Amino acid sequence: MSVLDVILDKTDELEIKKLNNIVDKIDALEDKIQILDDEALKNMTNVFKDKLSKGETLDDILPEAFAVVREVSKRILGMRQYRVQLIGGIVLHQGKIAEMRTGEGKTLVGVAPVYLNALTGKGVHVITVNDYLAQRDKELMQPVYEFLGLTVGVIINGQQPVERKLQYQCDITYGTNNEYGFDYLRDNMVTQKSEKVQRELNFAIVDEVDSILIDEARTPLIIAGGGDEGTKLYELANAFIKNIRDEDFEMDRKDKTIALTASGLSKAEKFFGIENITHIDNIEIFHHVNQSLRAHKLMNIDVEYVVRDNEILIVDEFTGRIMDGRRFTDGLHQAIEAKEGVKINDESKTMATVTFQNFFRLYSKLSGMTGTAKTEESEFEATYKINVVQIPTNKPVIRADLHDKVFKTERAKYNAVVEEIIRINKTKQPVLVGTVSIEKSEKLSKLLKKKGVKHEVLNAKQHDKEAEIISKAGKLGSVTIATNMAGRGTDISLGAGDKEEEEKVKELGGLYVIGTERHETRRIDNQLRGRSGRQGDPGTSRFFVSLEDEVIKLYGGKSIEKILKRMNANEDDALESKALNRAIERAQKGIEGKNFEQRKNVLKYDDTINEQRKVIYDERNKVLDGSDIEEEIQKMVMDIITEAAEKYLKKFRDYHGYFKYLYNTFMPADTLLIPDLDKKNVEEIVNQTYQISKRVYDLKKMMIGIEELAQLEKRVLLQVVDTYWVDHIDAMDQLRQYIGLKSYAQKDPFKEYAIEGYEMFEALNRNIRITTVQYLYKFN
C-alpha cells in the first residue's frame, strides 16, 4: 500500500474535518427521520420547497435533505450512504470535484446533492461518458427521486426534439456531454423559441469529470453542414502521396507534425502541373496534399480510426471508444476515406462550434467526481475555477501496486505478459489486462490463442457487450483483455455476485491487473490499477513496459536507456527499479504538460470566438423572446447613414457619392431630397437623411401592416445573422489554420488571431446591418 493512499493532502484533511462536522449533523437526524412513515417522508420535499420559498438557502436545509435521501435510499434500494459518500455529496453540492476511489459507490454519492439542488426547480444535469451509463444510472436512481416527488429524464442519441424537450423539463436529466453540447448549439440555430429543447444551464454533476473536462477538451464540438464538393482533388492527392519516398517528407511523431521537403514539393508541382504549389492561387491543392500526407503517415487504422461498414469512424485515444457522429475536420476525414478506398463524403462546413471548456463554463454551478483528478488539479482550477477534494476511502486500500517490469523490446515484453497470464491463470485468480489500442488488444489476443488460453476481448469493436464482459471479469479463472475504455463506470465485483466464489477469489489475492504499457497520462494508469482492490478487497497491479513503447520511445527514451545500460541487462531480462519508475513517471509528466498546453491553445482560440458567440446568441435570443426589435433596426439605419457621411462628407463634400451609396445600399430611388445642402453641417445632413428614411419605413408599415412588419423584421434579422455567422465561423476556422504561419514572423499567433478575428467580427456586424436594412427597405 503506497504512502499516498494513507496520507491525504494537508488541505484536503482540513476540508474533510469541516465536512465531517456537517455529516455529524446528518447522522444526528437519522433517528428522527427513520421513524417517519412513507407519506411523511415523501412530504419532506414540500417542506423543503416551502422553506426555500421563505428565504432559507440550500445550505440551510442540506443536513435534513441529505438525511431524508439516505433514509429513502435505504428503503427503496437497500443501500445506505456511508459517511464518506455523504462527504462526497457535500463536496459536489459545493461546486467542487470529489476524487473518490473506484468501487466507492460514486453513483450513490450523487443522489443527495442532485435531490437538494433539484428542489429549486431550475433543473440538474447528471453527465456521463456514454448513453449506456446515462440510461443505467437514471434507471438505478429513478425510484428514489420519484418516491420524493421529482421527475427524471434521460437524453440519448437519436431522440427527436419533442422528446428531448420533455426530458429537459424534468427536475433531473441524465445524458452525455456530447448530447448536452450539441443541443446547446442546435438551440442557437432554431428560428422559433418553441423549437428550443434546453432550459437554463443551472447545475451539472459530471461523472468521470477528468475524462470529459480534460481528455475530451482537445476536440471542440462541431455541427457541420454540406461544404464544397470536390472529391476528385482528394483522389488525386491520394494518388500522389502513395508514390512519394521517405526523403520527400519530414515527420515528428512526438508533435504529430509532418511536411513535404523541397524534393516533395517539386514532385507535387510536377504531378499537378503547376509552377509553385505554395502560391496563394494553389492553396487548395496544397491543403489537400498536406491532409493526404497526414492521413497516410500519421493516422493509423485500428489506432486513430477504424473502418466499419465502408465508413471511417474515429477512435477516442483516451477511452478506446468509437466517437459516434464525430468526423476529423479540415478535410482530413476525406483524405483518410481516399486512403482506405471507401466512399469520399463531401467536406463539411462548420455551422456551429463550441469547446467543452466554454460550454461547461456556462453552467451557474459545476461539479464532478472521478477516481483520478488530483494530478490535474491546477488545470481544473485554471480553466473551470473548481478545486479537487480527495475523499478518504470507506475501507483502507490493501491492493499491492508492484514495480513496473521493464524490457528492452516489445517482443520480450509481450512474451513475459503471456507467461505471467498463464502462471496466474493456473491458480484460477482472475486477470484483467489493459492495452492502449484496439490493435494491441488484438495482438495480445492472438498470442494467448496460440497458447490455448481462454479469454474475453473488450475494445471499441464490441461496444454493446462492454458491461456484460466487465461484470464477469472478477470470476474465478477469467482472463479479460481490454482497451482503456473498460476502466470507466462499471464495477468489477469479485465472484460476480456469488458469495462463495467471492471468498475463493479473495483467498487467491483478488483481481490481478496487468498493464501492457504506460498510458500518456498517469491518471489512466491509476484508473486501470483502481479496477482492483475496491472496498477493501485484496488485489494486485503491475505494468509491463518496453523501451519500444510509444510513451517511452518519444518522451523518456534516453534517460531510461542510460539506466538500463548501467544495469547491463539482456534483451529478455525484466528489470525493476525505483530509478526506472521515476524516469517513466517523468516521461508521463512531460506528456501531461504538453497535452495541457494543447488544450490551453484550443481554449485560447475558442475564447476569441466565444465572446463573439455570446454577442450573436444574445441577439438571436432577443428576437426569439419576442422583443420589439424596431429600435434596433433603426439604430442599424442610423449607423449606415453615419458611416456614409464619414466616408463622403467629412473630408470633402461628395454629395453625389453620399446619395449614390445610400440609394445602392437601401434607400428607394429619388427619396433623398434635402434642400440647401451647402448651408448645413454634416450632423444636420445625417439627421435629415435619417428623418426621410424613417418616413419611408413608416410608409412601408402602413402598406403591409404594423404586426406583419414586426414579424418580417424578426424573420429577416434571424436569417441574415445565421447566414453570415456560419460563414464567419468557417472563415475563423481557416484563419486559425493559417495564422500558424504568422508565428514564423516572430508574432504571437493568438494575438494575431484575436486582432484579425476582431476585425472580421466588425466586418460581420457591418454586413449584417447592411443586408438586414436592405431587405427591410425593399418595396417589391
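In the protein chain of this predicted model, residues 24 or more positions apart account for 74% of the contacts with a separation of 6 or more. The chain has 780 residues, of which 54% count as buried. Its secondary structure comes to 31 helices and 20 strands, and the C-alpha trace spans about 105 × 80 × 45 Å along its principal axes. With this overview in hand, a few places can be visited one by one.

A good place to start is strand S4, which covers residues 172–176. Five of its five residues are buried, so S4 is largely enclosed by the rest of the structure. Both faces of the strand are covered. Ile172, Tyr174 and Thr176 are buried on one side, and Thr173 and Gly175 are buried on the other. Which strands pair with S4? One partner is S2 (residues 124–128), which runs parallel to S4 and is joined to it by five bridges. Within this pairing, Val126 has Tyr174 of S4 as its bridge partner. Strand S3 (residues 152–154) also pairs with S4 in the parallel sense, over three bridges, and here Val152 stands opposite Ile172. To get from S3 to S4, the chain passes through helix H10 (residues 161–168), making a β-α-β crossover that is right-handed.

The helices come next, beginning with H27, which holds the 19 residues 630–648. At 1.5 Å a residue, this helix should span 27 Å, and its end C-alpha atoms are indeed 27 Å apart, so expectation and model agree. The buried residues of H27 are Glu630, Ile633, Gln634, Met636, Val637, Ile640, Ile641, Ala644, Ala645 and Tyr648. A general point about helices is helpful when reading such a list: an α-helix has 3.6 residues a turn, so residues three or four places apart point the same way.

The same kind of spacing can be followed in helix H18 (residues 377–384), where Phe380 and Tyr384 are four residues apart and therefore separated by about one helical turn. Phe380 has a relative accessibility of 0% and so counts as buried. Tyr384, at 8%, counts as buried as well. A search of the whole structure finds 20 aromatic pairs, and Phe380 and Tyr384 form one that is tilted, with 6.5 Å centre to centre and 40 degrees between the planes. Those two values are what is needed here, because a pair of aromatic rings is described by the distance of the centres and the angle of the planes. Elsewhere, Tyr184, Phe356, Phe359, Phe360, Tyr363, Tyr617 and Trp725 form one aromatic cluster.

Trp725 turns up again among the contacts of Gln612, a residue of helix H26 (residues 578–624). Is Gln612 buried or exposed? Its relative accessibility is 5%, so Gln612 counts as buried. Leaving aside neighbours within four places in sequence, Gln612 is in contact with Trp725, His728, Met732, Gly757, Tyr758 and Phe761. With Gly757 there is a polar approach too: the backbone oxygen of Gly757 lies 3.2 Å from a polar atom of the Gln612 side chain. By way of contrast in scale, the C-alpha atoms of Gln612 and Arg529 are separated by 44 Å, with their positions 83 residues apart along the chain.

His93 offers another view of a buried side chain. This residue is found in helix H6 (residues 83–93), and at 5% relative accessibility His93 counts as buried. Which residues does His93 touch, not counting those up to four places away in sequence? They are Leu58, Asp59, Leu62, Pro113, Leu116, Asn117, Phe203 and Lys365. With Asn117, the His93 side chain makes a side-chain polar contact of 3.3 Å.

Finally, Glu146 is found in helix H9 (residues 131–147). With a relative accessible area of 44%, Glu146 is partly exposed, because that value falls between the 20% limit for buried and the 50% limit for exposed. Its side chain makes a polar contact with the side chain of Gln142, at 2.8 Å. Glu146 and Ile421 are 275 residues apart in sequence, and their C-alpha atoms lie 47 Å apart in space.

Conventions. Residues numbered from 1 in each chain as written. Predicted model: local features only at pLDDT ≥ 70, side-chain atom pairs only at ≥ 80, totals over all residues. Heavy atoms only, no water. Helix = DSSP H or I, 4+ residues; strand = E, 2+ residues; numbered from the N terminus. Expected span 1.5 Å × (residues − 1). Buried < 20%, exposed > 50% of the residue type's maximum accessible area, 1.4 Å probe, protein only. Polar contact = N/O pair within 3.5 Å; in protein donor to acceptor, adjacent residues only side chain to side chain. Contact = heavy atoms within 4.5 Å. Pairing = 2+ DSSP bridges. Right-handed = clockwise from strand over helix to strand, strands pointing away. Phe/Tyr/Trp six-rings, centres within 6.5 Å; stacked < 30°, edge-to-face > 60°.
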